[in-house]
Amino acid sequence: KRDEIREFWHVRKICLEEFEKVNGPPAVPIFGSTWYFKSDPVEMVKLAQSWFNEYTLSPDSNGLLKFWMGPVPVVSISRGEIAKMVFDSSTNITKSSQYDKLKEWIGDGLLISTGSKWRSRRKMLTQTFHFAVLKEYQKIFGAQGKVLVDVLRFRANNTYPFDIMPYIKRCTLDIICETAMGSSIKSQYGANDKYVNSVRRLSELVWNYEKAPLFWLKPIWYLFGNGFEFDRHVKLTTDFTREVIEKRKQELNNNQEFESESSDPKKKLAFLDHLLKSQADHPDILTDEGIREEVDTFMFEGHDTTSSGITFAIWFLGQFPEYQQRVQDELDEIFGDDFERHPNSEDIQRMVFLEQCIKETLRMTPPVPFISRKLEEDVVIPHSTKPPVLLPAGLNIMINIITIMKDARYFEKPYEFFPEHFSPERVAAREAFAFVPFSAGPRNCIGQKFALLEEKVVLSWIFRHFTVTSLTRFPEELPIPELILKPQFGTQVLLKNRRKF
Ligand code: HEM
């Protein structure tokens, strides 16, 4: 602890000297930061936007912004070429203290762990996203997408709007439970609502904790009741996961499925089964609790993100009928008037314009709008006219994915929904670091192919069956960062059946 405190003050001191060279709002007293006095999320977003406009967008700026999270100095990076210096590093892979509360829930799994633990787990888990495994998962995406359409049918052709996001969220939750744990929780049918509710509340509580430094003091966190509620939900969700793991372990032992698996190596194994198999092969690397951490990490990372991506895609396409029509024409060409056929790999490859719309949505409203790291080694940021800036080891940095992807040097209409940004010729002419919704480098999103495939399958079901009208528009309605980016007022839509019954 003493070393940590010494390091903290040392970094703070260097920052105070180096910060002279970096733009940013004036430092304010120890627990103050203008950001955190704003309780209204819209005000918070507008304030952040004004900071970026003022300090990082001028041609003379290096895209860095300094600010204080309570007593902690933070530098945010808003230019792709500078973020690349961190993304590409094999040393600066440690997450910042901002992930600490999350760790009490999902544990020290792939998202949060660092060093050799992260390296060995990453290597082991990469095979669970092998092409052939994704092909198996694709069947689950299709089946759950169809359930979603059946559930939404009851909302179609009504004259009053509804928020579509909770429906999408239950669909992606069912998908991740089935792919990760091999068991369906049927939340789309209204089952397991205690677990579903706990997962939702935990995300909200972690965000409340992160944005209010006063909650970092344990007595205050508990005094306001958040601590007790958080602990209760952590227990409920982790007990649920442990129970599923135990049950699956017994089933596999009884059926000896691992042996039969050798004849068809990629057949119908859930993510959990892969972990149990790896544990059987290397019991020293993966403990039971290690498996629990990884399953909960995938549960967290793998459903809120995709539900945000799918919901925003529906929202944008509901605002631009001309793009929606192109998506539907493409789908009609693939499926004809067969409304029930599940999409196969060839169909999915032909959904070219839908994929452009999905990517443009990820650019406009990335589900993970920023990420944080704690530097393990110094980074020196050069500048063409000013002295270079030293970001010292120990400093917390925030990489602003959402701002990086609005860079007018790489996107001709940075603040407009324009799927042509992802036409093949534009993609070929652009630097890879300009589009980073899944982060980049060795710590990029391990589930990105899974996510794109899931989004395509679920969205294809929706736009085959319905025409969507969004009742709110960007930028009158703003995307608000919680742990994951969400629409400010929910996503109010009207659905019209395309199928004649
Ligand atoms: C549209 C959907 C998704 C987006 C935008 C997204 C974005 C990201 C980003 C930005 C990171 C880096 C986080 C950081 O550095 O703090 C990340 C990491 C990660 N994502 Fe995703 N993600 C998505 C879907 C998924 C899915 C479906 C899964 C699992 C099935 C998943 C699993 C993970 C894991 C395990 C990590 C940690 C990887 C590591 O550090 O080695 N993600 N994701």
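Two strands of a sheet are said to pair if DSSP finds at least two bridges between them. The legends below describe close-up views of a predicted model.

**Figure 1. An open sheet of four strands with mixed pairing.** The strands stand in the order β1-β2-β7-β4. At the edges are β1 (64-69) and β4, each of which pairs on one side only. From one strand to the next, the twist averages 30°. Helix α4 (residues 80-87) packs on this sheet, where it touches β2, β4 and β7. The direction of helix α4 makes about 125° with that of β7. In general, the strands of a sheet pair through backbone hydrogen bonds, and they do so in either a parallel or an antiparallel manner. The next two views take up one pairing of each kind.

**Figure 2. The parallel pairing of β2 and β7.** Strand β2 comprises residues 72-77, and strand β7 comprises residues 396-399. Four bridges link these two strands in the parallel sense. Val74 has Asn396 of β7 as its bridge partner, and Val75 stands opposite Ile397 of β7.

**Figure 3. The antiparallel pairing of β4 and β7.** Strand β4 (residues 371-374) is joined to β7 by four bridges, and the two strands run antiparallel. Ile371 stands opposite Ile399 in β7, while Arg373 stands opposite Ile397 in β7. The side chains alternate along β4. Ile371 and Arg373 point to one face and are buried, whereas Ser372 and Lys374 point to the other face and are not buried.

**Figure 4. Lys13 of helix α1 and Pro73.** Lys13 belongs to helix α1, which spans residues 2-18. Lys13 and Pro73 are 60 residues apart along the chain, and their C-alpha atoms are separated by 9.9 Å. Is Lys13 buried or exposed? Lys13 has 12 other C-beta atoms within 10 Å, and a residue counts as exposed if it has 12 or fewer; Lys13 is therefore exposed.

**Figure 5. An open sheet of three strands with antiparallel pairing.** The order of the strands is β3-β11-β8. Strands β3 (162-163) and β8 (466-470) stand at the edges, and each has a single partner strand, so one side of each is left without a neighbour in the sheet. Five bridges hold the antiparallel pairing of β8 with strand β11 (residues 492-497). Within this pairing, Phe466 stands opposite Asn497 in β11. Helix α15 lies across β8 and β11, and runs at about 85° to β8.

**Figure 6. The shell of residues around the ligand.** There are 24 residues around the ligand, and those that come nearest are Glu301, Gly302, Thr305, Cys445 and Gly447. Which helices each supply at least two residues of this shell? They are α14 (288-301), α15 (304-319) and α21 (448-465). By character, the residues of the shell divide into 13 nonpolar, seven polar and four charged.

**Figure 7. Cys445, one of the residues that come nearest to the ligand.** Cys445 is found in the loop between α20 (424-429) and α21. The unreviewed UniProt entry covers Cys445 with the annotation "binding site". When residues up to four places away in sequence are not counted, Cys445 touches Phe438 and Ser439. Cys445 has 18 other C-beta atoms within 10 Å. A residue is buried if 20 or more such atoms lie within that distance, and exposed if 12 or fewer do; Cys445 is therefore partly exposed.

**Figure 8. Asn157 and Lys186, each with a positive phi.** Most residues other than glycine have a negative phi. Asn157 is not a glycine, yet its phi is positive, at about 60°. This residue lies in the loop between α7 (131-152) and β3. Because Asn157 has 11 C-beta neighbours inside 10 Å, it counts as exposed. Lys186, also a residue other than glycine, has a positive phi near 50°. The place of Lys186 is in the loop between α8 (165-181) and α9 (193-211). Because Lys186 has 14 C-beta neighbours inside 10 Å, it counts as partly exposed.

Key
Residues are numbered from 1 along each chain as its sequence is written. This is a predicted model: local features need pLDDT of at least 70, side-chain atom pairs count only at pLDDT 80 or more; totals for chains, interfaces and linings use all residues. A residue is near a molecule or strand if its C-beta atom, placed from the backbone, lies within 6 Å of it. Ala, Val, Leu, Ile, Met, Phe, Trp, Tyr, Cys and Pro count as nonpolar, Asp, Glu, Lys and Arg as charged, and the others, Gly among them, as polar. UniProt positions are given in the numbering used here, feature names are shortened, and annotations may be inferred rather than shown by experiment. Two residues are in contact if their C-beta atoms, placed from the backbone, lie within 7 Å. Axes are lines fitted to C-alpha atoms, for helices over the stretch in contact, and angles run from 0 to 180 degrees between N-to-C directions.
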